[in-house]
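Me: I would like to learn how to read a protein model, one feature at a time. Could you walk me through this one?

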Amino acid sequence: MPAPIRYVQDSANFPDSADVVVIGAGIAGAAATWELAKQGLKVVLIEKGLVGAEQSSRNWGWCRQQNRDERELPLIIYALQRWGELNDETGEELGFRRSGLVYATQEESDIAAWDKWIQMAKGYGVRSSILTAEQAKAMTPGSTTNWRGGLSAPTDGHAEPRLAAPGLVAGALKKGALLFQQCAVRGLDIAAGRVSGVWTERGLIKTSRVICAAGAWTSMFCRRHGIDLPLGNVIGTAFRTQPIEQAIAMPLYTPGFACRPQMDGSYTVSVSGRGRLEPGAQGCAMLASSIRPLKVAARISP
């Protein structure tokens, strides 16, 4: 799915040192750069492509608490609080709206699972409610499906992937951060067993602190320094429509598809709950290493 991302201009002068170097300008690297620059640190953000040009501009864009694992809830509750503050803090449009989310289904088992989750989430102050068939129909105007029921998550929302990472980086640049795109990081400089710098295509940046936020490339980068980081690449399906009349004003999830309205009047549409795990050489090697102890245990068991 091509993404018309916002372009952010590189900084002028390549530095020889930094308080922190951030590798990767997706949403994680962009957010880290903003938070550190806001604290007054000298931050350098290095990106082998363009800011937000990979998965960070092609994802669903949902900012949700609903259906999260209980262990994730404290973090996502805080994350939603931060999303609500970032437009004003950065002075940039990130596209975040606390619009609410709607789930609709024809399966009674889905409704039972959602109700169980709601009871758990009440302890964290999260407000969601089960919808009747009539309510689900009313909240999905234009649908021709006879829903058995649904769920409303009014305190969840969504951001605009094509704007979010670039907006955070643009805000960080105003705080003094530096950005260099089309500049791959080749490895870390290690001295006396400690990180002393980052080698890039444009030279060495001296630093003692590095954040690696390289997404799907992180495992490959770490491996050259003896760090095993299991990572699986899951391929999903999504497309974006042309701007059309928007019947659904908030993100919608169904067992077959999910969609989200965008600010320009288009929709992002995705296949729900399905992905293809790519069995690359690295993944197969990690799988083999993870199952080897099981083989040993099987041989010595009576």
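Reply: Happily! Let's begin with the words helix and strand: helices here are DSSP runs of at least four residues, strands are runs of at least two, and both are numbered from the N terminus. Please keep in mind that this is a predicted model.

Me: How many helices and strands does the protein chain have?

Reply: The protein chain has seven helices and 18 strands. Its C-alpha atoms fill a box of roughly 65 × 65 × 35 Å, taken along the principal axes.

Me: What does the UniProt record say about residues 19-267?

Reply: An unreviewed UniProt entry annotates residues 19-267 as "domain: FAD dependent oxidoreductase". Over that stretch, the chain is 28% helix and 25% strand, and the C-alpha atoms at its ends are 40 Å apart.

Me: Next, sheets. In what order do the four strands of the open sheet stand?

Reply: To read a sheet, follow which strand pairs with which. In this open sheet the order is 8-2-1-12, and the pairing is parallel. Strand 8 (178-180) and strand 12 (210-212) each have a single partner strand, so one side of each is left without a neighbour in the sheet. On average, neighbouring strands are turned by 15° against each other, direction ignored.

Me: Where can I look for one of these pairings?

Reply: Try strand 1 (residues 20-23), which pairs with strand 12 in the parallel sense over three bridges. There you will find Val21 opposite Val210 of strand 12.

Me: Which strands does helix 1 lie across?

Reply: Helix 1 (residues 27-38) lies across strand 1, strand 2 (43-46) and strand 12. Relative to strand 2, helix 1 runs at about 165°.

Me: Now the inside. How do I read a residue as buried?

Reply: Look at its relative accessible area: under 20% counts as buried. Buried residues make up 41% of the 302 residues in the protein chain.

Me: Which residues have the most contacts inside the largest nonpolar core?

Reply: Those are Trp83 and Val169, in a core of 25 residues. Strand 1, helix 1, strand 2, helix 2 (73-90) and helix 5 (161-174) each give two or more residues to this core. Helix 5 supplies the largest share, five residues. If you zoom in on Trp83 and skip residues up to four places away in sequence, its contacts include Ile27, Cys63, Leu94 and Phe96.

Me: Is Leu86, in helix 2, buried or exposed?

Reply: Leu86 has a relative accessible area of 8%, so it is buried. Leaving aside neighbours within four places in sequence, Leu86 is in contact with Trp34, Glu35, Gly91, Leu94 and Leu168.

Me: And what about a polar residue such as Gln65: where does it sit, and is it buried or exposed?

Reply: Gln65 is in the loop between strand 3 (62-63) and helix 2. Its relative accessibility is 4%, so Gln65 counts as buried. The side chain of Gln65 makes a polar contact with the side chain of Asp156, at 2.6 Å. Beyond four places in sequence, Gln65 also touches other residues, among them Leu73, Ile76, Arg98 and Trp117.

Me: What share of the contacts with a separation of 6 or more joins residues 24 or more positions apart?

Reply: In the protein chain, that share is 67%. Sequence distance and distance in space are two separate readings, so try both on one pair: Leu86 and Ala216 are 130 residues apart in sequence and 26 Å apart in space, C-alpha to C-alpha.

Definitions and conventions
Residues numbered from 1 in each chain as written. Predicted model: local features only at pLDDT ≥ 70, side-chain atom pairs only at ≥ 80, totals over all residues. Heavy atoms only, no water. Pairing = 2+ DSSP bridges. Axes fitted to C-alpha atoms, helices over the stretch in contact; angles between N-to-C directions. Contact = heavy atoms within 4.5 Å. UniProt positions renumbered as here; feature names shortened; annotations may be inferred. Core = buried A, V, L, I, M, F, W, Y, C linked by side-chain atoms within 4.5 Å. Buried < 20%, exposed > 50% of the residue type's maximum accessible area, 1.4 Å probe, protein only. Polar contact = N/O pair within 3.5 Å; in protein donor to acceptor, adjacent residues only side chain to side chain.
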